[in-house]
Amino acid sequence: MNMVDGKSCKICLLILKNAKVNNFEDYSNLIDSFAGFGYYFDKISYIAYDSSEEISRAIKDGKSNYENIVIYCPKEMEAALKEYISKLYLSQFNEIGILKTADKHAFMFYYNGVNRLRVEDVKNVLDAKYKLKFGRMYVRAMGAPSKAVNKTLEEMSAVCPDLRFNISKKYGDCRMEILYSVKTSKMLVDEAHRILISGLNDYIYALEDITLAERLVQLLKLRRMKISVAESFTGGGVGKALVEVSGVSEVYNEGLNTYSNEAKMRRLGVRNLTLKQYGAVSEQTAYEMVQGLLNDGNCDVAVATTGIAGPKSDNTKKPVGLAYISVGTREDISVYKFNLKGGRSDISNTATNLALFLVYKTLK
């Protein structure tokens, strides 16, 4: 439930959709946008847009039990819905899609047409209604177990109950946005922040809203180091993430996609004996891939990936998801073993993020 200075701020979302199509991506974008401004839906209802009885029942429930109702519907339903809701609320929508009464609000968005109403407009209305202003802090973490994240958030909430959390996780990379009322005691906010950093310290790479690749490039520039990358099953994902960062040319030496055994031997100097004895997906091969990059002499840190992304295993009977990521400097080379879960894309992208994070941890 949304809370404003201890008072309820109830919001429901009614999504009028084609019951035969289960595509929730567009809806999740709207939900995430509201969360980004610190507003969370107490109830989300999916209603078949061809069922007038269900629509009527849901809107009446929204009016009776919630202070704010958000409608997300096809553009072609605009006129009929506005007429019905206006009669129910005894008020009218303005030109951008906002209806106000003395104590209730309704907002209307469309998912297949131009919206004059923006989520920021809703945020401004609700902020004014509840006289609320937010402060926010960010934490970015890689590979943090859900159990550790949940435990940390519970401890933070115990110290500072009015915190709101907007958390998204993609391929192991967790973005945490923590919002709080500016009226909240700074001492409590600082203590909650301390709990967060302490609880997830091993996984945190940034205390600002920045990508893993951006953070690594920052660190490479700070250390005045150049990086080289050799990839097998990640297919260039590590290199791509790096070169998408502005200014990476200062620190990026080269990226090789050495997919075949022949490429590993010819381009990186991996020994034929290593490949025959241990296989391409092995600790030894990952080690020699990084060693080959470092022997080239044009980089200060190197990272290599080798693994099995699926959908089938290789002829060695090693499991899908098995991955080795090696990170090395001129002083030392380390190899990390993972057993990743999910489909081919999930495994490859998670390994890409892990490779970036392990380089960051090595240099930190």
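**Close-up 1. Phe34, Phe41 and Phe109 come together as one aromatic cluster.** This is a predicted model, in which local features need pLDDT of at least 70 and side-chain atom pairs count only at pLDDT 80 or more, while totals for chains, interfaces and linings use all residues. Residues are numbered from 1 along each chain as its sequence is written, and side-chain values use heavy atoms, with hydrogens and water left out. Four aromatic pairs are found in the structure; rings of Phe, Tyr and Trp (its six-membered ring) pair if their centres lie within 6.5 Å, and planes under 30 degrees apart count as stacked, over 60 as edge-to-face and the rest as tilted. For phenylalanine 34 and phenylalanine 41, the ring centres are 4.9 Å apart and the planes meet at 55°, so this pair is tilted. Phenylalanine 34 is buried at a relative accessible area of 2%, and phenylalanine 41 is buried at 14% (buried means under 20% relative accessible area, exposed over 50%, partly exposed in between, with a 1.4 Å probe and protein chains only).

**Close-up 2. Tyrosine 72 and tyrosine 111 meet edge-to-face.** Here the centre-to-centre distance is 5.2 Å, with 75° between the planes. Tyrosine 72 belongs to strand β5 (residues 68-73) and tyrosine 111 to the loop between β7 (105-110) and α4 (119-130), so the pair ties together parts that are 39 residues apart in sequence. Helices (H or I, at least four residues) and strands (E, at least two) are DSSP runs, numbered from the N terminus. Is tyrosine 111 buried or partly exposed? Its relative accessible area of 22% makes tyrosine 111 partly exposed, whereas tyrosine 72, at 9%, counts as buried.

**Close-up 3. An open sheet of five strands runs in the order β4-β3-β5-β7-β6, with mixed pairing.** Two strands pair if DSSP finds at least two bridges between them. At the edges stand β4 (43-48) and β6 (98-100), each pairing on one side only. On average, neighbouring strands of this sheet are turned by 15° against each other, direction ignored. Strand β3 (residues 11-17) runs parallel to β5, joined by five bridges, and cysteine 12 stands opposite isoleucine 69 in β5. Helix α2 (residues 52-65) packs on the sheet and touches β3, β4 and β5, its direction making about 160° with that of β4. Helix α3 (residues 78-89) also packs on the sheet, touching β3, β5, β6 and β7 at about 175° to the direction of β7. Contact means heavy atoms within 4.5 Å; axes are lines fitted to C-alpha atoms, for helices over the stretch in contact, and angles run from 0 to 180 degrees between N-to-C directions.

**Close-up 4. Cysteine 73 has no bonding partner.** Why is there no bond here? The closest cysteine sulfur, in cysteine 12, is 14 Å from the sulfur of cysteine 73, too far for a bond. Cysteine 73 is buried, with a relative accessible area of 0%. Across the whole structure, the search finds zero disulfides (pairs of cysteine sulfur atoms within 2.5 Å).

**Close-up 5. The largest nonpolar core has 39 residues.** Such a core is a set of buried Ala, Val, Leu, Ile, Met, Phe, Trp, Tyr and Cys residues joined through side-chain atoms within 4.5 Å. Ile227, Leu242 and Val303 have the most contacts inside this core. Several elements each supply at least two of its residues, among them β12 (227-231), β14 (301-307) and α12 (344-363). The most comes from α12, with 10 residues. Valine 303 touches residues including Ile227, Val238, Ile325 and Val359. A second, separate core of 22 residues includes Leu13, Phe107, Phe109 and Phe134.

**Close-up 6. Strand β15 is covered on both faces.** How many of its eight residues are buried? Eight of the eight are. Leu322, Tyr324, Ser326 and Gly328 lie on one side, and Ala323, Ile325, Val327 and Thr329 on the other. In a regular strand the side chains alternate between the two faces of the sheet. β14 and β15 pair antiparallel over seven bridges, with serine 326 in β15 as the bridge partner of alanine 304. Strand β16 (residues 333-339) also pairs antiparallel with β15 over seven bridges, and β15 and β16 form a hairpin with three residues between them.

Notes. Lists of a residue's contacts leave out its neighbours within four places in sequence.
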